[in-house]
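Colleague: Could you take me through one part of this model up close, and then show me how the rest fits around it? I have it open here.

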Amino acid sequence: NYWRDNLGGLNLTDITIDEIMTALDAYAAGRAVRGVGRDKNSKPKLKHLGRKRSAASYNRMKAALSSMMRYAITKRYLTATPVKGVPAMTENNKRERYLSDSEREKLLNACKASEWERLRCLIVLALMTGARKGELMGLKWCDIDIQNRTATLARTKNGSPRVLTLPEAAIAELMPFREIGNGLVFGSTRSKGQPFEIKKHWYAALKKAGIDGFRFHDLRHSTASYLVQAGCTLYEVGEVLGHKSIQTTARYAHLGIKHKQALTD
């Protein structure tokens, strides 16, 4: 919608780098918002967060246009994309927020009391596997092998399949909801084939647990942090998280200081 509003009156071949950068600069100067569900007319409801948009938001907006332009090239509407000449903003993606033992206990208790009965199951799977939110929300019952305690992710962020190993405690969380077939494990109760919208229940659980400044993706950081502090190698952590490069996992190296001290001692 943003790009349609800003560039929709132009022919594809008339869109220049200057016009794209002007629109992106205006976007970056705007205020950050978060989706909080939909109203009775199915229109998105937004919550204003009281801060400027981040570099990550800027880059995602640029990526959306870039994707459309690449599609136009495949259809031979264009021979080159002007987005290629637009620089990205530097992101601070070294965030290392993870749950302490007491926070984890409070969050799981809050999830158990949630109106959505599968919230605790989702959070337990996220903590025990390190899987991304999108990967878990796309998980189907036919992807899960209860006997061998595995779940196969056909599509991941890296574009390659990945197998999650499920501890016994994760299986125990899944069993009360077990189904036969290809339905989503965390499917919507309103729209068949669509994932459940968890935002309302997720933020309610965080509030009940008294946890601030925590995102769903930080559950993945928590998994990595627990593994490193338990003495796992960075290679092993990368295998669990599905990292293609050890450099991605290296951000957690400093958390293994105590283990390294034990080794050298």
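Let's begin with the hairpin: which residue in β2 is the bridge partner of Arg31?

Modeller: That would be Lys52. Keep in mind as we go that this is a predicted model. Arg31 belongs to strand β1, residues 31–38, and five bridges join β1 to β2 in an antiparallel pairing. Between the two strands of the hairpin sit five residues, and in that hairpin Ser42 takes a positive phi near 70°. Strand β2 covers residues 44–52 and is hardly covered: the count of buried residues among its nine is zero. As a general point, side chains in a regular strand alternate between the two faces of the sheet.

Now for the other strands. β3, β4 and β5 form an open sheet of three strands, in the order β3-β4-β5 and with antiparallel pairing. β3 (144–145) and β5 (162–165) are the edge strands with a single partner each, so one side of each has no neighbour in the sheet. β4, residues 150–153, is joined to β5 by four bridges, and one pair to look up is Leu153 in β4 with its bridge partner Arg162 in β5.

For contrast with β2, go to helix α5, residues 119–129, which is mostly covered, with nine of its eleven residues buried. Among those buried are Leu119, Cys121, Leu122 and Ile123, and also Ala126 and Leu127. Just past the end of α5, Gly130 takes a positive phi of about 75°.

Three residues of α5 lead us on to Leu219, because Leu219 is buried, with a relative accessible area of 0%, and its contacts include Ile123, Ala126 and Leu127. Leu219 itself lies in helix α9, residues 218–229. Leaving aside residues up to four places away in sequence, Leu219 also touches Leu99, Leu107, Trp202 and Phe214.

From there, step across to Arg97, in the loop between α3 (55–74) and α4 (101–112). The C-alpha atoms of Arg97 and Leu219 are separated by 8.6 Å, although the two residues are 122 apart along the chain. Arg215 gives a similar picture: Arg97 and Arg215 are 118 residues apart in sequence and 8.6 Å apart in space, C-alpha to C-alpha. Again leaving out residues up to four places away in sequence, Arg97 touches Glu103, Ile211, Asp212, Gly213, Phe214, Asp218, His221 and Ser222. Phe214 is worth clicking on, since Arg97 touches it and Leu219 touches it too. Two of the Arg97 neighbours come with polar distances. The side chain of Arg97 makes a polar contact of 3.0 Å with the side chain of Glu103, and the backbone oxygen of Asp212 lies 3.1 Å from a polar atom of the Arg97 side chain.

Zooming out, the secondary structure comes to twelve helices and five strands. The C-alpha trace spans about 60 × 50 × 40 Å along its principal axes. Of the 265 residues, 37% count as buried. Among contacts between residues at least 6 apart in sequence, 59% join residues at least 24 apart. The protein exposes about 16500 Å², with carbon and sulfur atoms supplying 50% of that. As for charge, there are 45 positive and 25 negative charges, and their mean positions are 4 Å apart.

Definitions and conventions:
Residues are numbered from 1 along each chain as its sequence is written. This is a predicted model: local features need pLDDT of at least 70, side-chain atom pairs count only at pLDDT 80 or more; totals for chains, interfaces and linings use all residues. Side-chain values use heavy atoms; hydrogens and water are left out. Contact means heavy atoms within 4.5 Å. A polar contact is a pair of N or O atoms within 3.5 Å; within protein, one must be able to donate a hydrogen and the other to accept it, and residues adjacent in sequence count only if both atoms are side-chain atoms. Two strands pair if DSSP finds at least two bridges between them. Buried means under 20% relative accessible area, exposed over 50%, partly exposed in between (1.4 Å probe, protein chains only). Accessible areas come from the Shrake-Rupley method with a 1.4 Å probe; for residues, only the protein chains shown count as cover. Lys and Arg count as positive and Asp and Glu as negative; His and the chain ends are not counted. The place of a charge is taken as NZ of Lys, CZ of Arg, CG of Asp or CD of Glu.
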